[in-house]
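Please look over the sequence and the model below before reading on. The paragraphs that follow lead through a few of its features in turn.

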Amino acid sequence: MNKLLDLQQKADEYLVVNPAALQILLQMQINCLRLQQSLLAAANTCGCAKLGTDKLPLPENADWKQLKALPTGDDLTKLCPNCRLELQERLGALLFYAAALANTLNFDLTEICDREIDKLDLLGYFMMQ
Ligand SMILES: [Zn+2]
């Protein structure tokens, strides 16, 4: 079963209130903020996560593989079960609204995902800015 297609069909089936594109975008932003809030709570309230905030030095003449191996300063390997579940639920909500937006735009989420994977394979390593 194609899980992206299944999610897109469920979003179409169950989202009946405010299915307008701008409302869905707003819900995505709200849920993105909730995800950030949950990650910050894991670090600052629970203490099961460590978020690196220091500027990390970038070595000159490093290749992509060396850059990828640099530590981020984060330690998310010790998430407690509660924080882990909450972060998964927040991320799931984002996926739901992405599926709902794809429905509103009459896009196929599986096709979008395939295209993104092809793009990544073509471009290779990239750095977030
Ligand atoms: Zn925790």
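**A walk through the model**

N61 is placed in the loop between α2 and α3, and since this is a predicted model, what is said about this residue and the others below describes computed coordinates. The phi angle of N61 is near 60 degrees, a positive value in a residue that is not glycine. Most residues other than glycine have a negative phi. N61 is also exposed, because its relative accessible area is 80%, and the cut-off for that word is over 50%.

A second asparagine can be read in the same way. N106 lies in the loop between α4 and α5, the latter spanning 109-123, and it has a positive phi of about 60 degrees although it is not a glycine. With a relative accessible area of 71%, N106 is exposed.

Returning to the loop between α2 and α3, one also finds L58 there. L58 counts as exposed, because its relative accessibility is 56%, and yet, leaving aside neighbours within four places in sequence, L58 is in contact with L67 and L70. For L58 and L70, the separation is twelve residues in sequence and 8.5 Å in space, taken from C-alpha to C-alpha.

The metal site comes next. Which atoms coordinate the zinc ion? The donors are the SG atoms of C46, C48, C80 and C83, at 2.3 Å, and along the chain they follow the spacing C-x1-C-x31-C-x2-C. One pair among them, C48 and C83, links distant parts of the chain, given that C48 sits in the loop between α2 and α3 (64-69), C83 sits in helix α4, and 35 residues separate them. The angles among the four donor atoms run from 102 to 118 degrees, and the site is tetrahedral; four donors receive that description if all angles lie between 85 and 135 degrees. Are these two cysteines, C48 and C83, buried or exposed? C48 is buried, because its relative accessible area is 11%, and C83 is likewise buried, because its value is 12%, where buried means under 20%.

Helix α4 also takes part in the second largest pocket, which holds about 190 Å³ of space. Its lining consists of L35, L39, L76, L79, R84, L87, Q88 and L91, and these residues divide into six nonpolar, one polar and one charged. Both α2 (21-46) and α4 (81-104) supply at least two residues of this lining, with the largest share, four residues, coming from α4.

The last stop is helix α1, which covers residues 3-14 and contains Q8. Q8 counts as buried, because its relative accessibility is 6%. Not counting residues up to four places away in sequence, Q8 touches A99, A102, N103, F107, D108, L109 and T110. L5 lies in helix α1 as well, but L5 counts as partly exposed, because its relative accessibility is 35%. From L5 to I30 the distance is 24 Å, C-alpha to C-alpha, for a separation of 25 residues in sequence.

Key: Residues numbered from 1 in each chain as written. Predicted model: local features only at pLDDT ≥ 70, side-chain atom pairs only at ≥ 80, totals over all residues. Heavy atoms only, no water. 1 Å grid on protein atoms, 1.4 Å probe; cavity = no way out; pocket = protein on both sides within 12 Å on 5 of 7 lines; lining within 4 Å. Points joined across faces, edges and corners; volume = space filled by probe spheres on them. Nonpolar A, V, L, I, M, F, W, Y, C, P; charged D, E, K, R; others polar. Donors = N, O, S within 2.8 Å, 3.2 Å for Na, K, Ca; no water. Tetrahedral: all angles 85-135°; square planar, octahedral: opposite > 155°, others 65-115°. Buried < 20%, exposed > 50% of the residue type's maximum accessible area, 1.4 Å probe, protein only. Contact = heavy atoms within 4.5 Å.
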